[in-house]
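Hi everyone, thanks for making the time. I'd like to walk you through one model today, going from the whole chain down to a few single residues. Have a look at it first, and then we'll start.

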Amino acid sequence: MASQSRFISEPKTAAIVGCPFSGGQPKPGVDQGPIHLVEAGIIKDLESLGWKVKFDGHHQFEEISAASDPPIGILKNPRLVSRVTQSVAKAVGGHAAKGELPVTLGGDHSLAMGTISGTLSKYPDACVIWIDAHADINTAETTDTGNIHGMPVSFLLGLGPKIDEFSWVKPLLKPERLVYIGLRDVDAGEKKILRDNNIKAFSMHEVDKYGIGKVVEMALDHVNPGRDRPIHLSFDVDALDPSVAPSTGTPVRGGLTFREGHYICEAIYETGLLVALDLMEVNPSLEDPASVQQTVAVGCSLVRSALGEQF
């Protein structure tokens, strides 16, 4: 069990970046996810695992005004999403620069444009392990909906038409340093992007075929063959089956089990290479109270596993 992180300074500090933000998608409530996760005791949880925890309140995005925010092409709320994710990039990059481990609680997955930009500002050779039912790699040309939470990866890779509003996102992520686990609802345009850019993705088909242990090993072999690169883990709770995490915006049946989701987090922790964690798309407004409580509890449990808790 490697608890010694290769990149995080001692005393090891987790910086909670609470991002109550829902502008990348249309359903209300996902901005309440981080508030519920903190209220459920995530800070004490991490302290009990030996982490020093920094949390200075949720990021308030009220000062980021985009009152006049007409679509750019089909993209919805582009100025708001751009400004919020840029502010998140600064926050995450600031924590990373101090040798802390940023734990970003979302909010919708458009936030990863900011979190991963922040990680790459400190660790330009970092790799990204993206756990999700969806590839989130649509471009302005392929998106059917214009919801930017389905697009952050394309911005990070520099794919698709250039959009001035997002010119701050530097295309520092290379296709060979990105791997997906858990995909099962991928648009036709996204499938083509994954193929054309030779991006490695382990769908639920591979999880069923090989088992989660082998899939995580193959994913790490692909993006981090020498086990020496920093890892940014971006976890969308809709990667889990809706029976495990029902309260999320775009649930898709046939997802990861409770244990498969936790195994991924445990295995990444064991590498000693984790430098940043995102937990996204917990939406407490979409289900009955018991389902919300279940989803929030699973979210907290995934974060604990990624930061060293073992069953």
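So, the protein has 10 helices and 8 strands. Its radius of gyration is 17 Å, close to the 19 Å that the globule rule gives for 311 residues, so the protein is as compact as a globular protein of that length. Please keep in mind throughout that this is a predicted model.

If you like boxes, the C-alpha atoms fill one of roughly 50 × 40 × 40 Å along the principal axes. Of the 311 residues, 58% are buried. As for contacts, take those between residues at least 6 apart in sequence: 75% of them join residues at least 24 apart.

On the surface side, the protein exposes about 12000 Å², and carbon and sulfur atoms supply 51% of that area. For those of you who think about electrostatics, there are 28 positive and 39 negative side chains. The centres of those two sets lie 6 Å apart.

Let's go inside, to strand β1, residues 13-19. How many of its residues are buried? The count is 7 of the 7, so β1 is largely enclosed by the rest of the structure. You can see this on either face of the strand. Thr13, Ala15, Val17 and Cys19 point one way, Ala14, Ile16 and Gly18 point the other way, and all are buried.

Which strands does β1 pair with? One partner is β2, residues 52-54, which runs parallel to β1 and is joined to it by 3 bridges. Within that pairing, Ala15 has Lys54 of β2 as its bridge partner. Another partner is β3, residues 101-106, again in the parallel sense, this time over 6 bridges. There, Val17 stands opposite Thr104 of β3.

Following the chain on from β3, we come to the loop between β3 and α4, where Gly107 lies. Pause on the backbone here: the peptide bond from Gly106 to Gly107 is cis, with omega near 25°. There is also a cis peptide bond between Glu10 and Pro11, with omega about -10°. Pro11 is in the segment before β1, so to speak on the doorstep of the strand we just left.

Now for helix α4, residues 112-122. Here 9 of the 11 residues are buried, so α4 is largely enclosed by the rest of the structure. The buried ones are Ala112, Met113, Gly114, Thr115, Ile116, Ser117, Gly118, Thr119 and Leu120. An α-helix has 3.6 residues a turn, so residues three or four places apart point the same way. What covers the buried residues of α4? The cover includes the helices α3 (78-97) and α5 (152-157), along with the strands β3, β4 (127-131), β7 (231-236) and β8 (274-280).

Next, two residues from another part of the chain. Ala219 is in helix α8, residues 212-223, and with a relative accessible area of 1% Ala219 is buried. Leaving out residues up to four places away in sequence, Ala219 touches Val179, Ile181 and Phe202. For a sense of scale, Ala219 and Ser5 are 214 residues apart along the chain, and their C-alpha atoms are separated by 20 Å.

The other residue is Lys200, in strand β6, residues 200-203. Is Lys200 buried or partly exposed? Its relative accessible area is 36%, and that makes Lys200 partly exposed. Beyond its neighbours within four places in sequence, Lys200 is in contact with Leu178, Val179, Tyr180 and His222. Val179 also turned up among the contacts of Ala219. From Lys200 to Ile181 is 19 residues in sequence and 9.1 Å in space, C-alpha to C-alpha.

Last stop, two backbone angles that may catch your eye on a Ramachandran plot. Asp136, in the loop between β4 and α5, has phi near 50°, a positive value in a residue other than glycine. Asn198 likewise has a positive phi, about 55°, although Asn198 is not a glycine. Asn198 lies in the loop between α6 (188-196) and β6. What about their surroundings? Asp136 counts as buried at 6% relative accessibility, whereas Asn198 counts as exposed at 64%.

That's my tour; happy to turn the model around on the screen for anyone who wants another look.

Technical notes
Residues numbered from 1 in each chain as written. Predicted model: local features only at pLDDT ≥ 70, side-chain atom pairs only at ≥ 80, totals over all residues. Heavy atoms only, no water. Buried < 20%, exposed > 50% of the residue type's maximum accessible area, 1.4 Å probe, protein only. Helix = DSSP H or I, 4+ residues; strand = E, 2+ residues; numbered from the N terminus. Pairing = 2+ DSSP bridges. Rg over C-alpha atoms; globule rule 2.2 N^0.38 Å. Contact = heavy atoms within 4.5 Å. Areas by Shrake-Rupley, 256 points an atom, 1.4 Å probe, with all protein chains shown as cover. Lys, Arg positive; Asp, Glu negative; His and termini not counted. Charge placed at Lys NZ, Arg CZ, Asp CG, Glu CD.
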